[in-house]
Amino acid sequence: MTSIQKATKKDYDKIVSIGRISVTEAHKDSCSAEILNEYIERNYNAEEIQNELSNLDNIYHIIKHNDNPVGFSKIVLNASMFSGLKLIFTIRLIIKFNY
């Protein structure tokens, strides 16, 4: 059975783990290992994800299959793009390969 639940600050380790695995699998052939590792270290570490979970503009959900965390979603409210375009929200969905 698959379920989705709103993430809490206690779920940071699940997001870190799933993010590291999924981003590596998705991008290992599209950039250098050095660039990929730098991105993962900067974006998928305990402190960064705990800060993200504390930010009220970020809404995370944990996706579970048979009670095992297999993915997460991140909704960012009041987001802005690099061009200065203001958005109401953005959504990112990350799922582990071969869960």
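Contact here means heavy atoms within 4.5 Å.

**Figure 1. Surroundings of Tyr 60 in the predicted model.** Neighbours within four places in sequence are set aside in this view, and Tyr 60 is then in contact with Lys 6, Ala 7, Ile 15, Ile 49, Glu 52, Leu 53, Phe 72, Ser 73 and Lys 74. Two of these residues, Lys 74 and Glu 52, also meet each other through their side chains in a salt bridge. Others, including Ala 7, Ile 15 and Phe 72, are listed together with Tyr 60 among the residues that have the most contacts inside the largest nonpolar core.

**Figure 2. Overview of the chain.** The secondary structure amounts to three helices and four strands. Along the sequence their order is β-α-α-α-β-β-β. The chain has 99 residues, of which 27% count as buried. Taking contacts between residues at least 6 apart in sequence, 50% join residues at least 24 apart. About 6,800 Å² of the chain is exposed, and carbon and sulfur atoms supply 53% of that area.

**Figure 3. The largest nonpolar core.** This core has 13 residues. Within the core, the most contacts are made by Ala 7, Ile 15, Tyr 44, Ile 49, Leu 53, Tyr 60 and Phe 72. At least two core residues come from each of helix H1 (12-27), helix H2 (33-43), H3 and E2. H1 gives the largest share, four residues.

**Figure 4. Pairing of strands E1, E2 and E3.** Strand E1 (residues 2-6) pairs with strand E2 (residues 58-65) in the antiparallel sense, over five bridges. One bridge partnership in this pair sets Gln 5 against Ile 62 of E2. E2 is also joined to E3 by eight bridges, and these two strands run antiparallel. Here Ile 63 has Gly 71 of E3 as its bridge partner. The hairpin of E2 and E3 has two residues between the strands, and Asn 66 in this hairpin takes a positive phi near 50°.

**Figure 5. Salt bridge between strand E3 and helix H3.** The side chains of Lys 74 and Glu 52 meet with an N to O distance of 2.6 Å. Lys 74 belongs to strand E3 (residues 68-77) and Glu 52 to helix H3 (residues 46-54), so the pair ties together parts that are 22 residues apart in sequence. Which class of accessibility does Lys 74 fall in? Lys 74 counts as buried because its relative accessibility is 11%, under the 20% cut-off. Glu 52 has a relative accessible area of 17% and is therefore buried.

**Figure 6. Salt bridge between Lys 14 and Asp 11.** The N to O distance between these side chains is 3.1 Å. Asp 11, at 6% relative accessibility, counts as buried. Lys 14, at 25%, counts as partly exposed.

**Figure 7. Salt bridge between Lys 28 and Glu 25.** The two side chains meet at 3.2 Å, N to O. Lys 28 is partly exposed, with a relative accessible area of 43%. Glu 25 also counts as partly exposed, at 36% relative accessibility. How many salt bridges does a search of the whole structure find? The search finds five, among them the pair in this view.

Key:
Residues numbered from 1 in each chain as written. Predicted model: local features only at pLDDT ≥ 70, side-chain atom pairs only at ≥ 80, totals over all residues. Heavy atoms only, no water. Salt bridge = Lys/Arg side-chain N within 4 Å of Asp/Glu carboxyl O. Buried < 20%, exposed > 50% of the residue type's maximum accessible area, 1.4 Å probe, protein only. Pairing = 2+ DSSP bridges. Core = buried A, V, L, I, M, F, W, Y, C linked by side-chain atoms within 4.5 Å. Areas by Shrake-Rupley, 256 points an atom, 1.4 Å probe, with all protein chains shown as cover.
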